[in-house]
Amino acid sequence: MSTRNTIKTAIAGLALTLCVSMALAGCGGSTGGTRQSDPSSASGSGQPVVVNNVEPAAGLIPSDTDDTAGWKVVTQLFEGLVTFGKDGKLVNAGAQSITPNADASQYTITLKPGLTFSNGERITAETYAKSWSFAANAANGMMGASIFSTIAGYDALQNEKGDPKAQLSGLHAVDDNTLKVDINGHDSSFNYKVGDVAFLPMPSSAFADIKAFGEHPVGNGPYKLASWTHDREIRLTPSKTYKGPRKPANSGVTFKLYTNVDSAYSDLEGGNLDVLDAIPNSALTTFRTDKSVTPYVKPGPAFKSFTIPQNLKHFTGEEGRLRREAISLSIDRKDITTKVLHGTAKVATDFTAPTIAGYSTKLTGSDVIGYNQKKARELWKKADAIAPFDGQFRLAYSADSGFKPWVEAIVNSIKNTLGINAAPYAMPTQKEFSGAIHNRTINAAFVQGLQSDYPHPEGYLVQAYDSSAADGKGLNNGDYKSQEFDSLIDKAAAEPSLTNSITTYQQAEETLLRDLPVIPLWYANVAAGSAKNVKVDFNYMGLPEYEKITK
């Protein structure tokens with residue numbers, strides 16, 4: 001067992017990545033009011049553009065961002081060592097080079113010289129060392145902490161009551177532009193991983209008062225924060241100090257914060273919104289022919305599932321294993337993607353996405369993602385022989401997500417197949433939904449999605465299912481823990497070649513198919529729209545390339 005794996009299996013307790021979520025969930029929140037920065041910083045050519053979003057689940061802090069709403073904004077305010085092209089290929093941003101040694105147990109990062117935050121503060125190797133240490137340190141309670149678990153010294157920082165200023169021992173600022181990173185064991189994905197939002201650098205003001213910083217962040221990205229009127233809008237203006245590869249083609253981006261996707265679509269049709277990145281169910285059959293809208297449909301990186309927490313009543317031990325499989329076999333995914341989602345999603349066959357290296361349609365055990373009413377009933381009956389099911393099976397989601405039609409379809413499929421009391425459980429907002437998940441108070445199965453910040457299978461598998469990402473340290477919000485899975489992930493991390501590691505990653509997925517910590521559903525295509533006079537393209541995350549939007 002590697003040192004890293006020992007650390008993962010020994011840690012328990014703390015506060016959650018992914019994560020993303022891709023359609024992902026966040027926790028915490030911020031209070032009302034508007035924070036202003038100097039709008040005179042706006043430069044850029046072209047007109048300002050208006051795009052959709054919902055209220056971020058937490059402050060605009062890179063290492064505390066694990067919801068898509070926050071990701072959209074934070075990644076415009078900050079720039080990391082690398083970014084990714086539209087096709088998912090690595091593009092150096094703040095890094096001149098990222099070089100592993102022969103067995104990926106150490107990396108040497110050389111920074112581009114002369115980089116600064118928008119307030120003029122220099123960005124050096126020490127900036128990254130402090131930012132990553134702050135994020136990894138359990139005393140600081142950052143939701144993205146677990147992604148740093150492969151860096152040496154991570155285990156020593158996992159004391160919630162420890163010194164919040166303690167640093168990762170595996171980070172060495174050799175000089176202003178050189179950072180050496182010692183790895184716990186091996187991590188062949190590290191050069192991709194540093195593209196995750198949690199690895200973005202933060203200035204010294206962040207560490208003085210992180211909560212205040214989250215309300216009024218100072219970044220180094222293509223945009224600066226002009227204002228944030230909570231539950232209403234977030235305005236960004238181009239940063240004059242930005243020197244990276246994502247130079248704005250517009251003179252600003254305003255994120256209009258909606259609680260209803262149908263309202264956003266009406267604004268798109270009425271000319272009050274320039275880009276909508278998610279078409280509501282009510283318009284899925286018409287948006288391609290709507291004369292007021294330019295439609296976009298293309299394969300995306302989003303994996304959609306729902307999580308059944310490991311400690312949920314009737315879903316633990318052998319009884320839980322039988323019920324999880326029965327639930328999965330009860331869902332007619334093909335019917336739902338055809339009739340409810342109108343062909344904008346593809347039934348899942350693994351735990352990654354069709355746009356990710358290693359995606360597979362032939363994993364051993366993938367028949368559990370099929371629809372088999374007879375077998376589902378047999379399995380449920382076997383589980384009842386262990387302990388009769390009582391109560392209600394609830395599937396939670398946020399009412400402002402637009403997920404209601406397909407959540408209801410899933411619940412009806414389960415109810416009709418198994419004959420049990422099953423119901424959707426709508427929570428008013430993404431913020432409340434995310435808070436209940438991260439505080440472990442939801443007491444229900446819950447919708448979860450994932451689209452990794454970095455286009456690598458590790459970004460899907462480690463962040464959502466590894467033991468190091470459980471107990472509030474990552475996107476493993478069901479707190480699934482499997483020594484077999486963790487060991488396979490460690491083995492894949494030691495492979496210097498992504499091509500060679502894919503077989504091992506797929507073996508790890510076959511473990512997930514047996515255990516079903518989440519119930520795979522489908523891969524969501526990009527289904528979006530823009531106003532007729534607007535030009536937009538979509539990134540490797542399936543989201544708009546905001547800096548390139550013009551009208």
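How many residues lie between E7 and E8 in the hairpin that they form? In this predicted model, two residues separate the strands E7 and E8 of the hairpin. The pairing of E7 with E8 is antiparallel and comprises four bridges. Within this pairing, leucine 171 has valine 181 in E8 as its bridge partner.

The hairpin strands belong to an open sheet of four strands, arranged in the order E5-E6-E8-E7 with antiparallel pairing. Strand E5 (95-100) and strand E7 (171-175) are the edge strands, each of them paired on one side only. On average, neighbouring strands of the sheet are turned by 20° against each other when direction is ignored. Strand E8 (residues 178-182) also pairs with strand E6 (residues 106-111), again in the antiparallel sense, over five bridges. Here isoleucine 109 is placed opposite leucine 179 in E8. In general, the strands of a sheet are paired through backbone hydrogen bonds, in either a parallel or an antiparallel manner.

A second site examined is tyrosine 546, located in the segment that follows strand E18 (518-531). Tyrosine 546 has a relative accessible area of 1% and is therefore buried, the cut-off being under 20%. Beyond its neighbours within four places in sequence, the contacts of tyrosine 546 are Val51, Lys72, Gln76, Tyr223, Asn250, Val253, Phe255 and Asp277. The C-alpha atoms of tyrosine 546 and proline 248 are 8.0 Å apart in space, while the two residues are 298 residues apart in sequence.

Note on methods. Residues numbered from 1 in each chain as written. Predicted model: local features only at pLDDT ≥ 70, side-chain atom pairs only at ≥ 80, totals over all residues. Heavy atoms only, no water. Buried < 20%, exposed > 50% of the residue type's maximum accessible area, 1.4 Å probe, protein only. Contact = heavy atoms within 4.5 Å. Pairing = 2+ DSSP bridges. Axes fitted to C-alpha atoms, helices over the stretch in contact; angles between N-to-C directions.
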